[in-house]
Structure formats: structure tokens, C-alpha cells
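Here's a quick tour of one model, helix by helix and with a stop at a single residue. Have a look at it first.

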Amino acid sequence: LKALDVHYLCIKDFHLPFKATAADIRTFHQKCADHGVTGYGVGPIYFKKDEARRYFDYAKAVGVKVLVAVPYEDGVVNGKKQRCASRACCEALDALCREYDIRVAIHNHGPDIPHCFPTGDSAFEMVKDLDPRVGLCLDIGHNFRAGLDPADSIRKLHTRIFDMHVKNVTFDAKRNLARPMPRGDMNLWSVVQALCEVGYTGCCSLEYESFPAKGVKPGVKLGDVAESVGYFKGLMKAAEG
């Protein structure tokens with residue numbers, strides 16, 4: 001993050017385990033502060049209705065106001081056990097958001113996972129009548145793969161967008177073919193323009209995804225990440241003009 005001049009982090013459990021003690025959390029925040037980084041949220045976290053409070057307690061202990069979540073229940077689709085979007089779990093989040101004053105940002109998937117929030121629009125439809133702190137983490141790559149224009153989705157859903165996963169992809173409804181931001185099929189300039197139009201004040205979190213060829217060892221390619229971060233920062237700078 002320091003090398004890339006990035007200053008905000010959505011905290012995953014591999015950064016800070018769910019069982020972290022108060023001392024562990026203090027040490028983590030100090031490490032972040034030493035490098036000019038702020039942990040602004042936690043997740044994504046997949047959980048069922050009866051598990052939700054545990055993760056609100058975690059978010060509260062970490063001291064963040066955004067919990068990126070995938071609230072689901074077990075279902076059976078075509079004879080196979082699947083994670084399915086859960087209205088009952090979302091209703092439980094309604095009460096917990098009020099109690100903890102923490103926003104929930106539901107992460108959408110793509111058309112290849114049609115039963116568990118395949119688009120930001122599907123998540124919005126499930127929660128639009130709930131407490132306004134129950135909203136979205138809009139994954140623009142997955143929304144694009146579902147045939148939607150991410151810029152249009154931002155304009156339509158912005159009142160409930162509390163976090164975003166930004167990336168680029170090669171369009172494919174069946175596979176998530178992530179690419180460095182300048183080299184995918186999505187028009188990211190239109191995305192930045194839409195964010196400016198609606199006055200978005202949340203974070204745009206680069207979700208780095210690398211799917212190497214069979215037999216190739218996976219790993220983060222810093223050059224790809226730097227290319228994406230630099231490109232998106234350039235778009236934001238251009239939007240200022």
C-alpha cells in the first residue's frame with residue numbers, strides 16, 4: 001500500500017482475524033497508522049442470520065462503520081446445495097444496523113452465481129424497504145458481466161452504495177475474467193463520471209483478482225496492481241477538471 005500510495009483498506013480476516021483480541025486490534029491499527037493507512041471497513045464476510053451478530057461485534061471492536069457482507073441461507077438448486085440470497089438475514093441486518101449504527105454493504109456477485117445477489121440491482125431490490133443503513137458494495141465488474149452498465153447502476157442505486165469494488169474485466173457471463181483496469185472491456189471513465197455526478201463519498205476499493213493458467217503459481221503481480229491504481233487515480237484527476 002505504501003509503495004502504491006494507497007491509504008485506505010477494507011480489512012479482511014487474513015489481515016485481522018475474527019478472534020483478534022483488543023491488543024491485536026490496537027497493534028494492527030498502529031501498524032496501519034505507521035504507514036499512513038486507515039482501515040475503513042471489514043469484509044466481505046459471508047454469514048447466515050444466526051451468525052450476523054458475531055460480525056457486527058467484530059466490526060464494532062475494530063472500530064469501523066462499514067461491514068461488507070453476503071447475507072445468505074443454504075438452499076438447493078438443481079439438486080445441489082447452494083448459497084442463496086436471504087431476505088430473512090437482511091431483515092435481521094435491519095435491526096442490527098439500528099442497534100450498532102453500522103452500515104452493511106451487500107456485495108453482489110455475477111450472472112454465474114444467479115442465486116446469491118447476481119447484481120447490485122438484485123441486492124437493492126431486496127433491501128430497499130429496510131433501514132437506510134442496509135445497502136450495497138457495488139462490484140462493477142460483476143454488474144458489467146451481468147449485462148448492466150455500471151455507470152447507470154451507480155446513478156440508479158447511489159443512495160444505497162456504501163462501498164465499491166472497482167476492477168475491469170473481459171466481458172464473459174460465465175467466467176470472471178479480471179484484467180488490469182486499462183485493459184478490460186468496461187468504460188471506467190463513465191464510471192468515474194457517474195460517481196462525480198451523484199456525489200459519491202465512499203471508498204472505491206480495488207479488488208485485485210488474478211486467475212493464472214493451469215500449473216502457474218498464483219500470486220499478486222505488483223505491476224498489475226500499480227497499473228490499475230495509477231489508471232484509476234488518473235481518471236479521478238481528470239474528473240477534477
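What follows covers one enclosed helix, one helix pair and one strand residue.

This is a predicted model, where local features need pLDDT of at least 70, side-chain atom pairs count only at pLDDT 80 or more, and totals for chains, interfaces and linings use all residues. Residues are numbered from 1 along each chain as its sequence is written, and side-chain values use heavy atoms, with hydrogens and water left out.

Let's start with α4 (helices here are DSSP runs of H or I with at least four residues, strands are E runs with at least two, numbered from the N terminus). Six of the eight residues of α4 are buried, so the rest of the structure largely encloses this helix. Buried means under 20% relative accessible area, with a 1.4 Å probe and protein chains only. The buried set is Gly 120, Asp 121, Ala 123, Phe 124, Met 126 and Val 127. These residues pack against the elements below, with contact meaning heavy atoms within 4.5 Å.

| Partner of α4's buried residues | Residues |
|---|---|
| β4 | 80-85 |
| α3 | 87-100 |
| β5 | 103-107 |
| β6 | 134-139 |
| α5 | 140-145 |
| α6 | 150-157 |

Helix α6 also meets α7: Pro 150, Ala 151, Ile 154 and Arg 155 of α6 touch α7 residues including Val 191 and Leu 195.

Now for Val 77, which sits in strand β3 (residues 66-77). Val 77 is buried, at 16% relative accessible area. Beyond its neighbours within four places in sequence, Val 77 touches Gln 82, Cys 84 and His 115. Its C-alpha lies 24 Å from that of Pro 44, 33 residues away along the chain.

Technical notes:
Buried < 20%, exposed > 50% of the residue type's maximum accessible area, 1.4 Å probe, protein only.
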